[in-house]
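Biologist: I should like a close look at a single part of this model, with the surrounding chain brought in afterwards. Please treat it in one connected account.

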Amino acid sequence: MSAADLAHNCLYYMSLMREVEDRIERKLYRQGKIVGGVYVGRGQEAIPVGTALVAEPGDVLFPSHRDMAVFLIRGVTPGRILAQYMGRAGGVTGGRDANMHMGDLNHNIVSIISALAATVPVAAGAALALRYQGKNGVVFSYFGEGSTSRGDWHEGVNFATVQKLPVVFLCNNNQYAYSTPLSLQMACANVADRGPAYNMPAEIVDGNDVLAVYEATRRAVEYARAGNGPYLLECKTFRMTGHSAHDAAHYVPKDLFEEWGKLDPITRFEARMLAEGWGTQTEIDELRAAVHREVDEGVAWAEQSPYPDPATLLDGVYESS
Ligand SMILES: Cc1ncc(C[n+]2csc(CCOP(=O)(O)OP(=O)(O)O)c2C)c(N)n1
Ligand SMILES: [Mg+2]
């Protein structure tokens, strides 16, 4: 892929994620059309985009609740995601859940579950399964910095390192876990500091620079795919919203929002594209308009999708033979 094509993809998926989430949080939620909770990754889009663009089709991804672009990049349409939030039959879970608790094994995305870090040992298990099956896939395990203080995280990481499993552990360090700042929930300055305790390479990257995330992910994935074991990548960023749509984040000092707002991954990358000659202002404007249209169509598709038929309630609960 040429540098210009890669840049275009990066901008397209970051903008698409921003637009779908803005529509959910700032419009549909306020119109009462969203059934469940709303957690967005505003300001963090470079992380799911820069990582998931590296994944091969046979890789298995375990996104967390601020990683919507993982779904978009793997081919889950905005319409299905919007229908998910509206509790419709066309949603990823067919109306059984109504926020980011979704996965799609057709796209090798394992569902998010609410208990934080509970999927980390599962990700290690998926990597072990890939090894038993003789496949050379890599598992992408996503989580926030707060989740790295849970026991499940340590058990999963320990198992993966002892077994030298092909897992890339991807931390979005947005500096808050709900209202708890990093310094109140762990004694290390960085999540990457946890790597050496497990004899695991760990790297810190600017999580608001999509190409830096992309390059670091390539290094991590190459290391894991070659059979060296897991790799920890800490992407430093900032949560540019409350924890969820109902939280105004009064506990976050205002100057932090101002400071990090200047590092917005999308506006920053647009400037880089122009400076590097990867695109023109007209192309950027067209991309933005196309994203807007695509999300309009997604909302229309989701709104015409019915609520699930109660007769299907038990579908997918029990395995039928
Ligand atoms: C075991 C567990 N404890 C608490 C919660 C409630 N909860 C959901 S998200 C969240 C904050 C998580 O912080 P972090 O891991 O840093 O991820 P972020 O939301 O910042 O992306 C909390 C406390 C939960 N879902 N699971
Ligand atoms: Mg956090």
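Biologist: Does Tyr176 count as buried or exposed? Please continue from there to the metal site.

Modeller: In this predicted model, Tyr176 counts as buried, at 11% relative accessibility; the cut-off for that class is under 20% relative accessible area. Tyr176 also takes part in a metal site, where its O atom coordinates the magnesium ion (ligand 2). The other protein donors are Asn174, through OD1, and Glu145, which is listed with two OE atoms. These contacts fall at 2.1 to 2.6 Å. The site has six donor atoms, and the angles among them run from 52 to 174 degrees, so the geometry is classed as irregular. Water is not among the atoms, so the site may look incomplete.

Along the sequence, the donor residues follow the spacing E-x28-N-x1-Y. Glu145 sits in the loop between β2 (139-144) and α6 (151-162), whereas Tyr176 belongs to strand β4 (residues 176-177); the pair therefore ties together parts that are 31 residues apart in sequence. Glu145 is buried as well, with a relative accessible area of 1%.

As for the surroundings, the protein chain contains eleven helices and seven strands. Its radius of gyration is 19 Å, close to the 20 Å that the globule rule gives for 321 residues, so the chain is as compact as a globular protein of that length. The C-alpha trace spans about 60 × 50 × 45 Å along its principal axes. Of the 321 residues, 53% count as buried. Among contacts with a separation of 6 or more, 73% come from residues 24 or more positions apart.

Definitions and conventions. Residues numbered from 1 in each chain as written. Chains lettered and ligands numbered in written order. Predicted model: local features only at pLDDT ≥ 70, side-chain atom pairs only at ≥ 80, totals over all residues. Heavy atoms only, no water. Donors = N, O, S within 2.8 Å, 3.2 Å for Na, K, Ca; no water. Tetrahedral: all angles 85-135°; square planar, octahedral: opposite > 155°, others 65-115°. Helix = DSSP H or I, 4+ residues; strand = E, 2+ residues; numbered from the N terminus. Buried < 20%, exposed > 50% of the residue type's maximum accessible area, 1.4 Å probe, protein only. Rg over C-alpha atoms; globule rule 2.2 N^0.38 Å. Contact = heavy atoms within 4.5 Å.
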